[in-house]
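Let's take a walk through this protein together. Have a look at the sequence and the 3D view below, and then we'll pick out one helix to start with.

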Amino acid sequence: MASPRTVTIVALSVALGLFFVFMGTIKLTPRLSRDAYNEMKRAYKSYVRALPMLKKMGVSSILLRKSIGALEVACGIVMTLVPGRPKDVANFLLLLLVLAVLFFHQLVGDPLKRYAHALVFGILLTCRLLIARQPEEQPPEKRMLSVNGDEQPLLHEAAPEKGKVKVS
């Protein structure tokens, strides 16, 4: 049976991966929702206007929106389907992306209701990453100490538990 830690990591990975595939797709194409796509276009134009250095670097609102959308889709697919270390890398990249998006929302003065989802998913990404990076708990093994050829349990394991009397 899978441990609760494993179930949690898998559930968070799939849910977060699907969310970012969905959101990235909305940034890339109007097929899912024309209204949401148009809203994304408007929002990214305001982000580029608020950061003139992006314009100086040759980054248009279209390039910014499509590169963020493509990164979200790619990382979302990895989070959903690819096992192992790449999930953690995708998780970290999405976390950085969420922080950048939160910065953009603050920069243009959006109200909390416009970026609350980014805040929540940033917290979920952080939780998933922290849980995934924790070492798996191993059941304690009976460790023996060899003294004069005889094996004896280690002292802290040989001592009776507090409040209990050891009867031999």
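How far apart should the ends of helix H6 be? In this predicted model, H6 covers residues 112-133, which makes 22 residues. At 1.5 Å a residue, they should span 32 Å, and the end C-alpha atoms are 30 Å apart, so the expectation and the model agree.

Now look at which parts of H6 are tucked away. Tyr115, Ala118, Phe121, Gly122, Leu125, Arg128, Leu129 and Ala132 are buried. Because these residues cover an arc of only 125 degrees around the axis, they sit on the same side of H6. Turn to the other side of H6 and you'll find Lys113, Ile123 and Leu130, which are exposed. And what covers the buried residues? Part of the answer is other helices: the cover includes helix H1 (4-28), helix H4 (61-81) and helix H5 (85-108).

Next, some labels from a database. UniProt, in an unreviewed entry, places the feature "transmembrane region" at residues 7-26, 89-108 and 114-131. Here is how two of those spans look in the model:

| Span | Helix | Strand | Distance between end C-alpha atoms |
|---|---|---|---|
| Residues 7-26 | 100% | 0% | 29 Å |
| Residues 89-108 | 100% | 0% | 29 Å |

On to the cysteines. A disulfide is a covalent bond between the sulfur atoms of two cysteines. How many disulfides does the structure hold? The count is zero. Is Cys75 buried or exposed? Its relative accessibility is 5%, and the cut-off for buried is under 20%, so Cys75 counts as buried. Cys127 comes out at 36% relative accessibility, so this residue counts as partly exposed, since that class lies between the 20% and 50% cut-offs.

Finally, let's zoom out to the whole chain. The protein chain has seven helices and two strands. If you read along the sequence, the pattern goes α-α-α-α-α-α-β-β-α, with the two strands coming just before the last helix.

How much of the chain is hidden? Of its 168 residues, 32% count as buried. The accessible surface of the protein chain is about 11300 Å², and carbon and sulfur atoms make up 65% of that surface. As for who touches whom, take the contacts with a separation of 6 or more: 61% of them are between residues 24 or more positions apart.

Conventions
Residues are numbered from 1 along each chain as its sequence is written. This is a predicted model: local features need pLDDT of at least 70, side-chain atom pairs count only at pLDDT 80 or more; totals for chains, interfaces and linings use all residues. Side-chain values use heavy atoms; hydrogens and water are left out. Helices (H or I, at least four residues) and strands (E, at least two) are DSSP runs, numbered from the N terminus. The expected span of a helix is 1.5 Å times one less than its number of residues. Buried means under 20% relative accessible area, exposed over 50%, partly exposed in between (1.4 Å probe, protein chains only). The arc is that of the directions from the helix axis to the C-beta atoms. Contact means heavy atoms within 4.5 Å. A disulfide is a pair of cysteine sulfur atoms within 2.5 Å. UniProt positions are given in the numbering used here, feature names are shortened, and annotations may be inferred rather than shown by experiment. Accessible areas come from the Shrake-Rupley method with a 1.4 Å probe; for residues, only the protein chains shown count as cover.
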